[in-house]
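Colleague: Could you take a close look at a single part of this model for me, and then set that part in the context of the whole chain? I would enjoy a connected account.

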Amino acid sequence: MYSINQLNGQKHLIPKELNDKKEIDLFLSNNKDKKVVVVQGLGFVGAVMSLVCANSILEDYAVIGVDLPNKDNYWKIHSINNGIFPIKASDPKIDHFFEKSIKKKNFLATYDSYAYSKADYIIVDINLDVNKESNFNGELKNYQVNLTNFKKGIKSIGDNCKEDILILVETTVPPGTCAKVIKPLIEKCLIARSLSSKVFKLGHSYERVMPGPNYIDSIQNFYRVYSGVDKKSADATEKFLKTIISTKNYPLTRLGNTNSTELAKVLENSYRAMNIAFATEWSRFAEESDVNLYEVVDAIRMRPTHSNLMYPGIGVGGYCLTKDPLLASWAKQHHFNSDEPLLQSEFGVKTNDKMPLFAFNYMKKVFNLSNLNETKMTFLGVSYRSNIADTRYSPVESFYKFCLTDGAQINLHDPYVSYWEELELSIDHDLFLVLNNHIDILIISTSHDEYKNSTLLINELMKKDKLMILDTVGLFSDTEINILLTKHNIKILGRGDI
């Protein structure tokens, strides 16, 4: 199994032949009498959404995944069509679903927008990024939402799709985007092609995809919120979702309009980002007051109303929490002409963006280091959360750069990531070999299961000369901490009692 990061080193090797109209027609001729689902975007959401549709609960769909015709995507398309799924995760259902789609021959990847003309349903799973301007400390100074590339993706649909198409947007967008941007753009494209602009359907149902051990279930077996720009669109969206989601156990929730579902997604993620920022402030207090914040949080979580209080950490990562509060604030000002941003949400992002810098400064302070010149450091984990290969906006990146700039010599290990795309670095997979390198400072930077309760990890650490160990994610148990303290200098974010 390969991951997007692993294959990235080969992305410039463009195959001589990829899908064109003839291959799409051949694929569809082998899937006669099947409704056609086209998924726009083959990233962490779109690729797995394609698998879920290809293994639909109630319908036998023909599924075509479409990505941009450029060097960053050719390898992905080629990989899927040659029986290698381009995303690695700890969910065994990924392999199972992909193998089933290969046997059924009902999943094709392409770069050709001709596929949209054959679709009965089009699912939009493309990126919509926030351009963040930060200072050298990682603090947010300014940001902007640029819809240009997103609009190009939507226009490619409008320039090719049927007039009675259902377009289902899963991309997280600024509230107001479906009604104010996508709907008029599709209407304009259809009218330019002398087609009716009155019969297409446009729905919004935001993804809650969680890469990791429950990757597939986060789509197929989880609650969904949906809406449409009008009643016929909402009805069509509901009918389609019922074919791919286990709605008997996970009922759908319809909201009044697409503004509502768009707002729901960014509010959902903004709430979590604010929760993390809140925990950050209290982590600093715990470290100053000789308090174990983990046991405090565990005690508070016994109260049902506070069960989702967050633990300390190195920072916020991933594609959603780092940008969604800003999408919401931008929409408030630009789509709805408000004079005021969402100040608390923006402040939460600023707080979270500075967490890697705090961890870096904390490390130097508690280990009494003036600089890291020629210090041998090893990071365990580079992905932004446990048990996944996703390094997008990983807080480890900022921490790594601070250490590198300060003169450290760094080894990187991750059981899921072989190639760190953002930094163009190869990552070691062999934990034993990594631990047998010379280490001055060990950083526990991601709480992968492979590191938890690991006899190998503890035994190898106890064989080494005295180390400085910084656990940024609360990985070690009290028993492991007590063992390590007999030989090493260990500090843990949020543990003022150590």
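Modeller: Gladly, and please keep in mind that this is a predicted model. Let me start with a loop residue: Asp-290 counts as exposed, because its relative accessibility is 59% and the cut-off for exposed is over 50%. Asp-290 sits in the loop between helix H10 (258-288) and helix H11 (293-301). Its backbone deserves a glance too, since phi of Asp-290 is near 60 degrees, a positive value in a residue other than glycine. Most residues other than glycine have a negative phi.

A second residue of this kind leads us to the part I would like to dwell on. Tyr-393 is not a glycine either, yet it has a positive phi of about 55 degrees. Its place is in the loop between strand E11 (376-380) and H15. With a relative accessible area of 38%, Tyr-393 is partly exposed.

From that loop we step into helix H15 itself, which covers residues 395-405. Which residues of H15 are buried? They are Pro-395, Val-396, Glu-397, Phe-399, Tyr-400, Phe-402 and Cys-403. Residues three or four places apart in an α-helix point the same way, because there are 3.6 residues a turn.

Glu-397 is the member of that list I would pick out. Its relative accessible area is 16%, and because buried means under 20%, Glu-397 is buried. What does the side chain of Glu-397 meet in a polar contact? The partner is the side chain of Lys-401, at 3.0 Å. Setting aside residues up to four places away in sequence, Glu-397 touches Trp-420, Glu-422 and Leu-423. Just after H15, Gly-407 takes a positive phi of about 105 degrees.

For another acidic residue, look at Asp-60, in the loop between helix H3 (46-54) and strand E2 (62-66). Asp-60 is partly exposed, with a relative accessible area of 36%. The side chains of Asp-60 and Lys-34 are joined by a polar contact of 3.4 Å. Once neighbours within four places in sequence are left aside, Asp-60 is in contact with Lys-34, Lys-104 and Asn-106. There is also a long step in sequence to mention: Asp-60 and Lys-242 are 182 residues apart along the chain, while their C-alpha atoms are 13 Å apart in space.

Now for the whole chain around these places. The protein chain has 18 helices and 17 strands. Its radius of gyration is 24 Å, close to the 23 Å that the globule rule gives for 498 residues, so the chain is as compact as a globular protein of that length. Along its principal axes, the C-alpha trace spans about 75 × 50 × 40 Å. Buried residues make up 55% of the 498 residues in the chain. Of the contacts with a separation of 6 or more, 76% come from residues 24 or more positions apart.

The outer surface and the charges complete the picture. The accessible surface of the protein chain comes to about 21900 Å², and 50% of it belongs to carbon and sulfur atoms. As for charges, there are 58 positive and 60 negative ones in the chain, and their mean positions are 5 Å apart.

Methods
Residues numbered from 1 in each chain as written. Predicted model: local features only at pLDDT ≥ 70, side-chain atom pairs only at ≥ 80, totals over all residues. Heavy atoms only, no water. Helix = DSSP H or I, 4+ residues; strand = E, 2+ residues; numbered from the N terminus. Buried < 20%, exposed > 50% of the residue type's maximum accessible area, 1.4 Å probe, protein only. Polar contact = N/O pair within 3.5 Å; in protein donor to acceptor, adjacent residues only side chain to side chain. Contact = heavy atoms within 4.5 Å. Rg over C-alpha atoms; globule rule 2.2 N^0.38 Å. Areas by Shrake-Rupley, 256 points an atom, 1.4 Å probe, with all protein chains shown as cover. Lys, Arg positive; Asp, Glu negative; His and termini not counted. Charge placed at Lys NZ, Arg CZ, Asp CG, Glu CD.
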